[in-house]
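Work through the exercises below with the model open beside you, trying each task before reading its solution.

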Amino acid sequence: VSTNTQIQDGKISAGAVIDLRTIPVKELPAEEQAAISQLLSTVPILKYRPIYIEVEGKPSIHNKQVTLDDKTRVKLGNLSFTLSDMYQRFGISEESVKQQVSKELKNLPVDVKDVEVMGDRLVVRGQWLHDKKT
């Protein structure tokens, strides 16, 4: 429905208002379907209206991938969870999430070398890969 990204105090927060009613759940991979089902059973209000979801953490580079620190938090409306709490509460596999994020990042036409928060800006250093399709 809408998105919002902010950089403040060395952290980046990216959020979006989503309406799960508009997502074609049956077209998603089985694990994602199960995660959404678990999320809907834990937070039933998601069945009826859009909700704000946000991820906030300090970015860094690990194995040429942008990652967020251990203090990263996920917000669902007014509820806030650490990533490990989120994985545990909703039965989401941490490894699966990392693999999916890694897969998506590999599709970017950039080889990321460094990331740094400078004031209200996120500085990403890397090399544009001309041979990758955008």
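Four exercises follow, each with a worked solution, and all of them concern a predicted model.

**Exercise 1. Confidence**

Find where in the chain confidence is lowest and where it is highest.

Solution. Begin with the chain as a whole, which averages a pLDDT of 76, with 72% of the residues scoring at least 70. Then turn to the individual elements: the lowest confidence falls in helix α3 (residues 94-106), with a mean of 66, while the highest belongs to β7, at 86. Where pLDDT is low, the predicted coordinates should not be read in detail.

**Exercise 2. The sheet**

Determine the order of the five strands in the open sheet, and then identify its edge strands.

Solution. Following the pairing across the sheet gives the order β1-β2-β3-β6-β7, with antiparallel pairing. The edges are β1 (2-8) and β7 (79-82), each of which pairs on one side only. Between neighbouring strands of this sheet the average turn is 15 degrees, direction ignored. Next, take one pair in detail: β1 and β2 (residues 11-18) are joined in the antiparallel sense by seven bridges, and Q6 stands opposite S13 of β2. Finally, consider what packs on the sheet: helix α2 (residues 83-90) does so, touching β6 and β7, and its direction makes about 105 degrees with that of β7.

**Exercise 3. The two sides of a helix**

Work out which residues of α1 are buried, and why they lie on the same side of the helix.

Solution. First establish the extent of helix α1 (residues 30-42): its 13 residues reach 18 Å from the first C-alpha to the last, close to the 18 Å expected at 1.5 Å a residue. Within α1, the buried residues are A35, I36, L39 and L40. Because these residues cover an arc of only 135 degrees around the axis, they are placed on the same side of α1. An α-helix has 3.6 residues a turn, so residues three or four places apart point the same way. On the other side of α1, A30 and S41 are exposed, whereas the buried residues of α1 pack against β6 and α2.

**Exercise 4. A loop residue**

Decide whether T72 counts as buried or exposed, and list its contacts beyond four places in sequence.

Solution. Start by locating T72, which lies in the loop between β5 (65-68) and β6 (73-76). The relative accessibility of T72 is 0%, and therefore T72 counts as buried, the cut-off for that class being under 20%. Once neighbours within four places in sequence are set aside, T72 is in contact with V55, E56 and G57, and also with F81, T82 and L83.

Technical notes. Residues are numbered from 1 along each chain as its sequence is written. This is a predicted model: local features need pLDDT of at least 70, side-chain atom pairs count only at pLDDT 80 or more; totals for chains, interfaces and linings use all residues. Side-chain values use heavy atoms; hydrogens and water are left out. Helices (H or I, at least four residues) and strands (E, at least two) are DSSP runs, numbered from the N terminus. Buried means under 20% relative accessible area, exposed over 50%, partly exposed in between (1.4 Å probe, protein chains only). Contact means heavy atoms within 4.5 Å. Two strands pair if DSSP finds at least two bridges between them. Axes are lines fitted to C-alpha atoms, for helices over the stretch in contact, and angles run from 0 to 180 degrees between N-to-C directions. The expected span of a helix is 1.5 Å times one less than its number of residues. The arc is that of the directions from the helix axis to the C-beta atoms. pLDDT is the predictor's confidence in each residue, from 0 to 100.
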